[in-house]
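Please find below a short note on the fold and its nonpolar packing. It should be read with the coordinates open.

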Amino acid sequence: MHGATLRRHFLRVLAMTGTGLVFGRWNGAHLVQAAQQEKTRASSHEDEDAKGEEVTAVEDLMREHGVLRRALLVYTAAAGKLRSDPATVAPEVLQKTAKLFRAFGEEYHEKKLEETHIFPAVKRAGGPAASLPDILITQHQRGWEITDYILAVTQGAKGGAGNAEPLAQALDSFVLMYRQHAAREDTNTLLVYVNDCFGDWSANAGKLTDHALAGRAPDAVEPIVPREDDPFVIKARHSIFYQTQVEYLLRQEGVGRITLIGQVTEQCVLYSALDGYVRHFEVAVAPEAVAHIREDLAEASLRMMETNMHAELVSASRSAV
Ligand SMILES: [Fe+2]
Ligand SMILES: [Fe+2]
């Protein structure tokens, strides 16, 4: 399949507005292609799919990430309990989860699939994506160290007693890193930030990020700070499409579907959804990843998007946000 067609097929876009965003990376297409080539190569030597339904290599990867994300849910829940009531955390549950992650996630998925087959193919393909595997491998190594720590601390009857806060921090950092890591590997999203400039025409990604980090909730901002190579578009009014380059960018990247996240639900998100819909983009919105000012209007807006614009209401985690 040609790269552009692949892109059209696989790219899904998340758009955060107000302080807005569209997700999905074209360099993901390289990972997609590499995964598919490796799958084709592997299946010519083995007949492992003979009994089951045929799935694409990308689906394979995403399904495996789906399994691993369940382990992350355990870690997130455990981190919260370790901080509020450590005695309620059964160390054997964390021990079993870490063992699953080690055996399935690290020894098989990362080492035997990604590092052996997919990453070398991405490097061979060259281009801007060729540097991505090094970052991903560094994250694998860091993840391995954290798993070592979790296994060590939760071993034995006493488990994590006395280590509650460091263990909670280790679990949180693992989840944060792995979510972003798997989203990059899933390769089906292009992330684009679309932000208001609040009348400051010298505003850019760095300046707006600094402003947000200096606000009342830097903890909420840190995980979504744009990377240097993330597209970042300035908007002046509510809609992400109004006199911006967003439509041109999405058409160039072959994007057909956008998922909106950000704020404000009953303003920028709603108007961006309508502008996307009238431009024949397939529109989705993640209710748990948008914020409102007026709850009654936000509820009505979500209904309007769903009913009038055929927007799909999706879970943010399903969209690999
Ligand atoms: Fe990985
Ligand atoms: Fe992975």
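The points below go from the whole chain to its cores and then to one helix pair.

1. The model is predicted: local features need pLDDT of at least 70, side-chain atom pairs count only at pLDDT 80 or more, and totals for chains, interfaces and linings use all residues. Residues are numbered from 1 along each chain as its sequence is written, and chains are lettered from A and ligands numbered from 1 in the order in which they are written.

2. The chain holds 11 helices and seven strands (DSSP runs, H or I of at least four residues and E of at least two, numbered from the N terminus). Of its 321 residues, 37% are buried (20 or more other C-beta atoms within 10 Å of their own, C-beta atoms being placed from the backbone). Among contacts (C-beta atoms within 7 Å) between residues at least 6 apart in sequence, 77% join residues at least 24 apart.

3. The largest nonpolar core (buried Ala, Val, Leu, Ile, Met, Phe, Trp, Tyr and Cys joined through C-beta atoms within 7 Å) has 30 residues, of which Val269, Ala273, Val283, Val285 and Met305 touch the most other members. Strand 6 (282–291) is among the elements that each supply at least two residues, and strand 6 gives the most, with six.

4. Beyond neighbours within four places in sequence, the contacts of Val285 include Val269, Ala273, Leu302 and Met305.

5. The axes (lines fitted to C-alpha atoms over the stretch in contact) of helix 10 (265–278) and helix 11 (295–308) come within 9 Å and cross at roughly 10°. Helix 10 is therefore roughly parallel to helix 11 (angle under 35 degrees).

Conventions. Axes fitted to C-alpha atoms, helices over the stretch in contact; angles between N-to-C directions. Parallel < 35°, antiparallel > 145°, perpendicular 65-115°, else oblique. Buried ≥ 20, exposed ≤ 12 C-beta atoms within 10 Å, placed from the backbone. Contact = placed C-beta atoms within 7 Å.
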